[in-house]
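Trainee: I would like a close look at a single part of this chain. Please take me through it, then place it in the whole.

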Amino acid sequence: MVREDGKRNFVLREEDGSESSVFSGSMPRQAALKAARRLEPRESEDEAKEHATEIHLREKGTDKVHIFHAWAWVDDAPGDKPDWMEGDITKGNVSKQGIEHLDE
């Protein structure tokens, strides 16, 4: 369901079918990128991509489950970072694998 601000809510589904965190975004990929940054980060993007994790995001109000391969890694903060930001940041990326529909 689309909110007034144009964003949609997506719930992270665990393997056992339970649902935990909610991520919002105007597109499923935007929510998946937010979820990917919560994964355990690897030392480099190449290493992280080799150990990609499959995440399932159900769009609230629908039976659609968006499936992504997701990975995260640690990188240096940009040179123009604000003073409060640490020297290392977690970056994430995703690759969409498809959509499933729930039978529940």
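Mentor: Start with V11, whose bridge partner in β2 is V22. This is a predicted model, so read each statement as one about the prediction. The V11–V22 pair has company: five bridges join β1 to β2. The two strands run antiparallel. Together β1 and β2 make a hairpin, with five residues between them. Look at G17 in that turn. Its phi is positive, at about 90 degrees. One rule helps when you look along either strand. In a regular strand, side chains alternate between the two faces of the sheet.

Now bring in the helix that packs here. Helix α1 covers residues 28–36. Its buried residues are P28, A31, A32, A35 and A36. Why do they line one face of the helix? Seen down the axis of α1, these buried residues fall within an arc of 140 degrees, so they share one face. What does that set of residues pack against? The partners include both hairpin strands, β1 (8–13) and β2 (19–25). They also include β3 (53–59), β4 (64–76) and β5 (88–101).

Next, a contrast in the other helix. D46 lies in helix α2, which spans residues 45–50. Is D46 buried or exposed? The cut-off for exposed is over 50% relative accessible area. D46 has 60% relative accessibility, so it counts as exposed. Compare its position with that of R3. D46 and R3 are 43 residues apart in sequence. In space, their C-alpha atoms are 36 Å apart.

Step back to the whole chain. It has two helices and five strands. Along the sequence the pattern reads β-β-α-α-β-β-β. The C-alpha atoms fill a box of roughly 45 × 35 × 20 Å, taken along the principal axes. The chain has 104 residues, and 29% of them count as buried. Take the contacts between residues at least 6 apart in sequence: 48% of these join residues at least 24 apart.

Finish with the surface and the charges. The accessible surface of the chain comes to about 6900 Å². Carbon and sulfur atoms account for 44% of that area. The chain carries 16 positive and 24 negative charges. The mean positions of the two sets are 6 Å apart.

Conventions:
Residues are numbered from 1 along each chain as its sequence is written. This is a predicted model: local features need pLDDT of at least 70, side-chain atom pairs count only at pLDDT 80 or more; totals for chains, interfaces and linings use all residues. Side-chain values use heavy atoms; hydrogens and water are left out. Helices (H or I, at least four residues) and strands (E, at least two) are DSSP runs, numbered from the N terminus. Buried means under 20% relative accessible area, exposed over 50%, partly exposed in between (1.4 Å probe, protein chains only). The arc is that of the directions from the helix axis to the C-beta atoms. Contact means heavy atoms within 4.5 Å. Two strands pair if DSSP finds at least two bridges between them. Accessible areas come from the Shrake-Rupley method with a 1.4 Å probe; for residues, only the protein chains shown count as cover. Lys and Arg count as positive and Asp and Glu as negative; His and the chain ends are not counted. The place of a charge is taken as NZ of Lys, CZ of Arg, CG of Asp or CD of Glu.
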